[in-house]
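Student: I have a structure open in front of me, and I would like some help reading it. Could we go through it together?

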Amino acid sequence: MKSYSCGNTCTWCDGCGNYGIWAAIKRSLVELGIPPHGVFLCYDVGCHGNMSDKLSGYRFHGLHGRVIPFAAGAKLANPRIPIIAHGGDGACFSEGVGHLVHAIRSNYTMVFILHNNANYGLTTGQASALTWQGQPMNSAPNGMPEATLPSMDFVFSLQPTFVARGFSGDIPQMVSILKAAIQHRGFAFVDMLQACPTYNTFATHEWLLERVYDVAADGHDPSDFVRARAIAVDTSERISTGILYQNTAVPGFYERLKSREGIQTFPVEEVQKYDVREYMQELV
Amino acid sequence: MNRISLKVTGAQGQGVNSVGEMLARGLKDAGYCVFGYREYMSLIKGGHSSYQLDISDAHIGSSEQMVNILVCFNHHGLERNIRDVKQGGIVLHQTLDWEWNTEDARWLQGHQVTVVSLPTEQVLHELKAPPILGNTFLTAVVWSFLQQDCGVLESLLRGRFGRKGERVLQMNIDCLQKACAYVASLEKAPFVTLPATNVRWSGHMLLTGSQAMGFGIIHAGCRVYAGYPMTPSSPLLSFLADMQNRTRMVIKQAEDEITAVQMASGAMHMGARAMTATSGGGFDLMTETLSMNGIIENPIVIGLAMRPGPGTGLPTWTAQGDLLLAVHSGHGEFPRCVLSVSDAQDAFDLMPQAFNLAEQYQMPVIVLFDKHIAEALYTQEFYDQEHTVIERHLPDTAQLQELQGADRYAVSSASGGVSPRWLPGTQAATYCAQSDEHSGDGSSEEGAQNASAQMDKRMHKLEALAAQLPEPELFTVHRGQISEVRNAVHPEVLFLGWGSTKGAVLDALLELTSDNSSLIAGYLHYTYLWPLKTDRFSLLSQKARQTILIEGNKQGQLGMLLRQQCGIDIPKKILKYDGRPFCTDELHELLSQFISPTSG
């Protein structure tokens, strides 16, 4: 854990779910034996993005809503390095929702952690697409008129290859989820339900704690797509957590590229002067 | 210089490009410099389109507005294009029942234009050949009128259709023979005499600006290309995609332009050479990422293929309206480099340079080009690959061991604002590529002193870059010859431009100085547009009797930038913003107004 520590002080509110997620990420990397120089951690903008300088490792902290394509581009350039991209529910289901759609469809091999606190924390508590309908929020004093986006149903409709749900109050479970996600071939979507003690007064830490259950303990088979979707979507009484669905048979995007078949090197190792004489000859 | 121009018109999808390409290839092989220019509308089938070839024994890099030969696939060309025909020119068409209205008939007679209606349909019927073979018939008729050897065309057809089977090939050869026989049977065939051939052209390539840029991108070691379709950048995406199984590049058609530029940025950050290209609207979407690359000091190369805006504008036409966009886009202040392609030569040469500059200065490099360059057909000699150097400016293994995370964005005035950059995944101290204002290791840092110091550091790179970039290139034109830059000679009339205008301006000046042997004209061409070098311009414009700005936009954007940077205003301007490129004959006429003895 020490190799991932960093001198900067955390700036999250007391009780913020990011503390738990932060610890789980570091621990999962250490348990997998990945050194700080062997990982690339990408952050969107939001409270979670303030993790970017609170741990060690190669990191990137970019623009709101755009973390997925930057991380995917990095992965294409150097598939050897595991990539964990982080985004909030604002970035993922509003500003950059198109990127999520195409990342699942393309099955880029990377982990995406959805920091899901059901509101825009860093901009002081506006509603996100995952805030409950009718909930009064900053800039919506009369309650949200829009319907809550059914995020899990939406993700499952895109034929994902890995879907998990964690809870910021359960570090050991998050570690086991993240280790599996990092080792997954393809796009691993990890929905981390996290408490926001300052702005989320509806789905609080305690509220979540009362409802979450571990699907593994329940005997769930993560290869069962239909069952996985059903327990992911239905959160009316209990909230399923753990690895909900995994399909290891689908190749990642890079593996699908015919142009790269049979090549042992990766684009980062191939930057050099290329001779185009043969191509020029064909245009005479 | 002797030049002949020929325009093929017809409905999109009718074979206009096919005839244009066959003629271009044949004429280049025969020993001519060919310049091809396409016009078409933003639709797939049926729109009126044209393919023009300008043909010369000497180098040409532009089209003429008025043509010697007009070939019309259908009656639309007869309605719309006959006024494009020169005095004494020829119109070939295949609309047998066409009747000219009185006005057009009088115009044709007054301009001594010969009209020939071709029995294409009848010939195809006799040969039991499908309508597509009409392309070959038309090509061969034009070929015969140009008094070219039918054997040359035959071998071209064998090369082009040989793979499609004996029957297809034979039908093409039959069409060729029918065409030759038809022309021979004409009592008064309107033959056109081309200048003498020059064997050097036959060994040249015939390629579009997009292909030229594509070659440059491949040559420069770019390994990842992400793009989203938008004319006129799409041909570059298509070309690189078609080449991917040979180049082994990673080609990604992204879900939008933001994705394309973010992916290219991520790939470049990781250490590959990566690029994207788009047109104005797509570039607008990329500008937030442009700014992000500015603060994280990430090298990125973005191609910006200009077409007329605003909005969707004229999607399939050309413009130079995005210079100020390239220079000023993106929020906040950050350094960037803007280069501009002008022809098939620098379309290739600038690409390794763009990547080298991006990596040396860790900043975005924007490469401007336009629809005219992207789709024009150039006769181009083989590129010099010997002198290309790939400069990455990355630390070696020993240097990596010495690095601290805080070195990544360390403020040090000695290095011209450039701090060490090393790649994620390398065994070294780690850092954060931080889009928030940051301290040396990329930790978020909002202190006042740090904010100024980091801004100064980044902007300092612009000064170092400016010192490295060359001044604009001066072409001195005298007695129909372009001479090397001679500092002792100050052109009396100075023309100023950038981008694809170069070809037309130089062609026009060659003609103009042939007509006027005492004239020493200068053309100052800007390839490196930001940071903008102004010393040579200031000096030359002070010495010149007059200075004229030539640009393909409404406001004279280079003129605006020059005034911004050095205070010199250029009141005389030739500006064009109708979607069409400058043509030689058009410019010849416009430029001569400035050099007549009464002017200035």
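Tutor: Happy to, and here are some questions and answers about this predicted model.

Student: Let's begin with the domains. How far apart do the C-alpha centres of domain 3 and domain 4 of chain B lie?

Tutor: Start by finding them along the chain: chain B is divided into domain 1 (3–203), domain 2 (207–380), domain 3 (397–468) and domain 4 (473–595). Now take the C-alpha centres of domain 3 and domain 4 of chain B, and the distance is 40 Å.

Student: I also see an open sheet of seven strands in chain B. Which are its edge strands?

Tutor: Good one to trace! The order is E9-E8-E10-E11-E13-E12-E20 in chain B, with mixed pairing. An edge strand pairs on one side only, and here that describes E9 (250–253) and E20 (528–530) of chain B.

Student: Which residue stands opposite B:Leu339?

Tutor: Look at strand E12 of chain B, which covers residues 337–340. E12(B) and E20(B) pair in the antiparallel sense over two bridges. In E20(B), the residue opposite B:Leu339 is B:Tyr528.

Student: Helices pack on this sheet too. What angle does the direction of H13(B) make with that of E13(B)?

Tutor: Helix H11 (280–296) of chain B packs on the sheet, touching E10, E11 and E13 of chain B. Helix H13 (344–361) of chain B packs there as well, and touches E8, E10, E11, E12 and E13 of chain B. Between the directions of H13(B) and E13(B), the angle is about 160°.

Student: Which element gives the largest share of the largest nonpolar core?

Tutor: That core has 258 residues, and A:Phe112 and A:Val190 have the most contacts inside it. A:Phe112 touches A:Val190 itself, and its other contacts include A:Ile68 and A:Phe187. As for the largest share, 10 residues of this core come from H13(B).

Student: Now for the two chains together. Which element gives the most to the side of chain A that touches chain B?

Tutor: In total, 49 residues of chain A are in contact with 59 residues of chain B. Those of chain A divide into 24 nonpolar, 15 polar and 10 charged. E2, H2, H4 and H9 of chain A each supply at least two residues. The most, eight residues, come from H2(A).

Student: And which residue of chain B stands opposite A:His61?

Tutor: Here strands pair across the chains: E2(A) is joined by three bridges to E15 (432–434) of chain B, and the two run parallel. Opposite A:His61, in E15(B), you will find B:Gln434.

Conventions. Residues numbered from 1 in each chain as written. Chains lettered and ligands numbered in written order. Predicted model: local features only at pLDDT ≥ 70, side-chain atom pairs only at ≥ 80, totals over all residues. Pairing = 2+ DSSP bridges. Helix = DSSP H or I, 4+ residues; strand = E, 2+ residues; numbered from the N terminus. Contact = placed C-beta atoms within 7 Å. Axes fitted to C-alpha atoms, helices over the stretch in contact; angles between N-to-C directions. Domains from an automatic or database assignment. Core = buried A, V, L, I, M, F, W, Y, C linked by C-beta atoms within 7 Å. Buried ≥ 20, exposed ≤ 12 C-beta atoms within 10 Å, placed from the backbone. Nonpolar A, V, L, I, M, F, W, Y, C, P; charged D, E, K, R; others polar. Lists of a residue's contacts leave out its neighbours within four places in sequence.
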